[in-house]
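Q: Please take a close look at one part of this model, the places where its pieces meet. I would like one connected account that explains each term as it comes up.

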Amino acid sequence: MTRFVAWRVLGMLPIILLVTLVSFLLLELVPGDPARLVAGDLATPEQVEATRVSLGLDRNVVVRYIAYLGSVVTGSFGESVVLQPGRGAMDLILQALPVTLSLTVVSLVIAVVVAVPLGVAAALRRGSWVDQVLNGLTSLSLALPPFVIGPLLVTVLAVTYNLFPAVGYQPLSAGFPVWFAYLLLPALAIAVNPIAEIGRQVRGSLVDVLDQSYIRTANAKGLSTTRVVGKHAIKNAAIPAVTVLGLQVTRVIGGTVVVEIIFAMPGIGALAVNSVLSHDFPVVQALVLFSALAVLATNLLVDLSYGYFDPRLRKG
Amino acid sequence: MTTTIEPPRAGGAPVRSTPHRARFRTARMLLSERRTRVVLALLVLLVLVAFVGPLLSPYGSNEQDLLGRLQPPSGAHWLGTDSLGRDILTLVLHGTRLSLLAGLLAVGTAVVLGTPAGLLAGYRAGPFGAITNTVSDTLLALPPLVLALAVVGAYGGGVVPAMLAVGITLSPRFYRVARSVAATVSKDAFVEAARSIGCSTTRILTRHVFANAVAPIVVQVTFSIGLAIIAEASLSFLGVGAAPPSVSLGTMARDAFTHIREAAFPIFPPCIVIAVIVFLFSSLGDGLRDAVVSGGRRT
Amino acid sequence: MTVTEDQAVGVDTALLSVRDLSVGFRRREAWVPILDAVSFTVRAGEVVGLVGESGSGKTVSSLTAMGLLPRPLEVAGGSIDFRGRDLLTMDPKQVRDLRGVQMSMIFQDALRCLNPAFTVGDQIAEPLRVHSGMSRAQAGARAVELLELVEIPRAKERASSYPHELSGGMCQRVMIAIALACSPRLLIADEPTTALDVTVQRQVLRLLLRIQREMDLGVLFITHDLGVVAEICHRTAVMYAGQIVEEGPTEELFRRPRHPYTHGLISSIPRLGDAGGRFGSIAGVVPKAGQWPDGCRFASRCDHVERGRCDVGRVPLEPTDGTADTARTTGEVPQRVRCVRARELSLEGVG
């Protein structure tokens with residue numbers, strides 16, 4: 001198993017390298033003088049020069065890239081120049097991480113908890129009105145991005161009826177109910193899309209699985225429908241669904257950017273927007289790199305899970 | 001909009017030989033379902049309204065009336081006014097036009113970047129394919145919104161750089177679809193024959209392979225436009241997309257949200273319009289994809 | 001190696017008694033029949049063969065008996081008695097309680113019939129845990145015993161294998177182990193050896209026979225292979241176009257077939273006992289479901305057809321000459337045939 005993981009990580013190295021290149025080159029996109037932009041219009045020439053040095057712009061491209069790679073390996077991912085000058089970008093990310101992690105996890109859990117039963121129900125009642133309504137709803141929800149649902153949820157549930165807090169975040173240490181109450185609306189806003197995609201996939205692959213001979217055997221054993229579907233069918237239908245779940249992570253990360261701003265949550269998405277608006281380039285670069293690594297890690301986890309769901313895929 | 005696990009293959013449609021008739025046959029196959037035609041008609045209507053509408057409106061997109069801000073719908077203003085007193089209906093029309101153009105730009109970029117590379121990579125295995133695969137996988141690891149934010153942050157705001165960035169992140173989809181089609185078609189005996197009589201690679205690619213790729217690519221285009229439009233609106237909502245005097249549905253939503261406690265209504269028009277546009281595109285995509293899979297054999 | 005010398009149990013201990021079973025489905029307002037008043041019996045301790053070409057309805061008969069009829073198909077009439085209780089009028093939950101416990105079924109292509117995500121030991125233990133309430137450990141131990149029963153070497157190791165790690169023959173043995181887990185009275189085997197190599201076929205058949213004798217099982221053996229029928233079935237029923245056309249002790253059937261179709265089948269085997277008897281030397285094709293002609297359905301392909309007698313009205317399934325009386329006295333199931341000219345014809349069989 002560890003050999004499999006090591007092999008996969010090795011295979012990802014070219015991609016990781018390319019990602020560092022992409023995030024590094026972002027700075028090159030800045031028209032004019034980045035140092036000037038960062039330092040601001042009111043800065044003195046000395047300040048601009050100081051900023052230039054802190055951005056590493058006094059050295060040539062190749063040296064800078066190597067230095068950048070160095071900062072990646074040591075884990076600092078560069079230093080913030082505007083938001084919290086001198087502090088490692090990774091520090092800022094780690095500080096904001098718990099918020100986003102909570103949000104992501106709760107969103108995905110909600111998505112799975114809602115989508116799987118929906119998908120199963122639709123598969124078992126294939127062609128019925130339940131199935132068709134579900135299909136229609138999923139098509140519709142794919143058209144409702146987080147920044148549409150977020151404000152709508154806030155308007156209805158927080159402003160008009162005051163059921164849930166509209167803004168902010170409370171850490172787990174403040175108690176589970178409080179933590180959850182602040183997370184529910186933003187998580188729902190993000191979860192709508194994944195619910196639709198996962199639900200569709202669960203329905204589709206379950207329909208395929210239910211047609212298989214081994215399901216007939218399970219029925220011939222006199223097992224209850226719950227057991228036939230819940231044990232025999234689901235495990236085999238899992239792989240495409242888990243794949244979709246993995247792909248949704250990219251969506252969810254994008255969703256957190258918007259949702260954290262709407263709900264004023266101090267997470268990574270908010271950090272991204274703030275660093276962009278304040279031209280704190282090292283932090284922006286670090287965030288691009290970090291989110292790509294998160295996506296790659298998720299893909300690896302998904303791949304590993306395949307072995308659990310389908311023994312035929314296990315290596316030796 | 002649907003995340004496809006495997007790119008849709010032209011499974012039901014036979015591999016074509018003559019591109020000429022193929023163009024019409026493809027179009028007819030794609031439009032074989034009535035549902036598709038209805039949605040397409042609605043979309044055409046939408047496009048017309050979006051482009052002609054602003055010209056017909058009595059209000060300019062920047063006509064402010066600070067005394068009459070945040071008014072509910074009335075005879076003078078069918079959808080009310082925003083926080084600066086501008087007519088919401090006019091803004092919606094302008095915003096729709098911008099969204100459509102933005103979507104087109106992003107998807108156009110994606111198609112141009114992804115399709116030729118995919119066709120080449122699928123047609124002939126080799127180092128080129130390995131490199132492009134890596135690039136494609138890299139792009140897939142970058143969440144579109146994050147990359148677009150970063151690009152906009154570096155280069156400067158505006159819809160164009162944002163949409164180019166979004167287009168880059170969408171290109172892997174087209175790369176994969178094109179590669180899959182090319183790989184399937186290249187194994188076809190027909191292509192062998194063409195090669196044996198000395199057709200150059202480019203010729204084979206442009207005439208035969210591409211003809212078969214058109215349908216699945218069109219399907220992917222419709223799904224991607226929805227994504228691109230949402231991306232543009234999201235970026236504008238965050239304040240890094242469209243900037244005045246441009247009007248975007250996203251900036252409208254931002255404006256409405258900022259003043260949500262003063263007036264609840266203004267948030268609905270932009271949100272509903274976006275939902276409708278994206279829903280129409282994804283329905284179109286569903287219909288087209290079903291047509292591709294069934295080879296146009298229904299109705 | 002025929003076993004028909006064994007007289008099946010004499011007393012009327014009908015395990016499974018199918019009477020006038022009719023099954024079909026609705027297609028656009030029309031009713032398409034698949035089974036037409038099918039009747040046959042399986043008693044404890046006997047192996048009954050159900051023979052016919054594909055599409056004759058033999059699999060549908062067995063699935064109906066197990067309550068596993070797939071969706072569009074419905075039962076239109078008749079009864080299926082299992083140990084005296086009509087399965088068709090029972091609560092589905094009660095039927096489910098019988099499945100896997102008192103009546104089991106095994107299918108063709110065993111590899112696909114096993115769940116690729118679970119070990120074979122787990123799949124054998126499952127009915128034991130669900131129906132017999134055994135603990136994980138107990139069921140696991142019993143699963144290993146069952147694997148030994150079906151002659152799988154190194155049973156303990158094998159129990160943690162996955163289906164894709166086993167050969168076709170071994171998968172079929174596992175299926176048999178699953179079916180026998182809760183010691184059923186009736187086993188329905190739907191073409192269990194058809195997808196196997198000839199040598200493996202013989203081994204599995206021998207295994208089935210041994211188990212049948214040891215456990216005094218009633219077996220309904222469905223196949224299109226007459227060679228197999230000759231090897232292990234005490235009695236045989238022949239199906240054609242949704243009907244039973246002949247039924248009787250296997251030896252009698254082979255020695256003196258009464259129905260022209262049976263005769264045609266037997267004649268077309270190259271050599272008795274040679275597994276893999278093939279159809280094909282009877283001219284013509286089986287009429288499709290829903291397009292059955294009036295009168296005898298085999299008439300268009302029969303060498304002995306008589307216009308005016310064979311094609312008018314429904315041909316009933318009747319006891320052959322004489323055996324009706326003997327049946328009443330000995331309690332044996334009468335030999336029956338569905339042919340207007342049965343008493344006149346003298347068809348050649350094989351010794």
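A: What follows goes through the contacts between chains, then one chain's domains and sheet, and ends with confidence and a loop residue.

The model is predicted, so local features are described only at a pLDDT of at least 70 and side-chain atom pairs count only at pLDDT 80 or more, while totals for chains, interfaces and linings use all residues. Residues are numbered from 1 along each chain as its sequence is written, and chains are lettered from A and ligands numbered from 1 in the order in which they are written.

Two residues are in contact here if their C-beta atoms, placed from the backbone, lie within 7 Å. Of the two pairs of chains in contact, chains A and B share the most contacts, whereas chain B and chain C do not touch, their nearest C-alpha atoms being 18 Å apart.

Where chains A and B meet, 47 residues of chain A are in contact with 44 residues of chain B. Helices (H or I, at least four residues) and strands (E, at least two) are DSSP runs, numbered from the N terminus. On the side of chain A that touches chain B, the elements giving two or more residues are helices H1 (2-25), H6 (129-141), H7 (146-160), H10 (225-262), H11 (268-277) and H12 (281-309) of chain A. H10(A) gives the most, with eleven residues. By class, this side of chain A has 39 nonpolar, seven polar and one charged residues, where Ala, Val, Leu, Ile, Met, Phe, Trp, Tyr, Cys and Pro count as nonpolar, Asp, Glu, Lys and Arg as charged, and the others, Gly among them, as polar.

The contact between chain C and chain A takes 24 residues from chain C and 16 residues from chain A. At least two residues each come from helix H2 (92-98), strand S6 (103-106), helix H3 (110-113) and helix H4 (120-131) of chain C, and H4(C) gives the most to this side of chain C, with four residues. The residues on this side of chain C divide into 13 nonpolar, five polar and six charged.

Within chain C there is a further meeting place, between domain 1 (3-102 + 184-272 + 279-337) and domain 2 (105-183), with bounds that come from an automatic or database domain assignment. The centres of these two domains of chain C, taken over C-alpha atoms, are separated by 28 Å, and their contact takes 20 residues from domain 1 and 17 residues from domain 2. On the domain 1 side of this contact, helix H1 (58-66), strand S7 (186-190) and helix H8 (198-215) of chain C each supply at least two residues, and the largest share, six residues, comes from H8(C). That side of domain 1 of chain C divides into 14 nonpolar, four polar and two charged residues.

Chain C also has an open sheet of four strands in the order S2-S1-S4-S5, with antiparallel pairing; two strands pair if DSSP finds at least two bridges between them. The edge strands, S2 (30-43) and S5 (85-86) of chain C, each pair on one side only. Strand S1 (residues 14-27) of chain C is joined to strand S4 (residues 73-82) of chain C by eight bridges, and C:Gly24 stands opposite C:Glu74 in S4(C). H1(C) packs on the sheet, touching S1, S2 and S4 of chain C, and its direction makes about 110° with that of S1(C); axes are lines fitted to C-alpha atoms, for helices over the stretch in contact, and angles run from 0 to 180 degrees between N-to-C directions.

Chain B, the partner of chain A, has ten helices and zero strands. Of its 299 residues, 54% count as buried, a residue being buried if 20 or more other C-beta atoms lie within 10 Å of its own, exposed if 12 or fewer, and partly exposed in between, with C-beta atoms placed from the backbone. The pLDDT, which is the predictor's confidence in each residue from 0 to 100, averages 81 in chain B, and 87% of the residues score at least 70. Confidence in chain B is lowest in helix H1 (residues 19-30), at a mean of 65, and highest in helix H3 (residues 88-123), at 90. Over residues 1-14 of chain B the pLDDT is below 50, although this stretch has 42 contacts in the model beyond near neighbours in sequence. Where pLDDT is low, the predicted coordinates should not be read in detail.

In chain A, A:Gly56 is placed in the loop between helix H3 (45-54) and helix H4 (61-74). A:Gly56 is partly exposed because 17 other C-beta atoms lie within 10 Å. Leaving aside neighbours within four places in sequence, A:Gly56 is in contact with A:Arg64 and A:Ala67; A:Ala67 is eleven residues away in sequence and 8.9 Å away in space, C-alpha to C-alpha.
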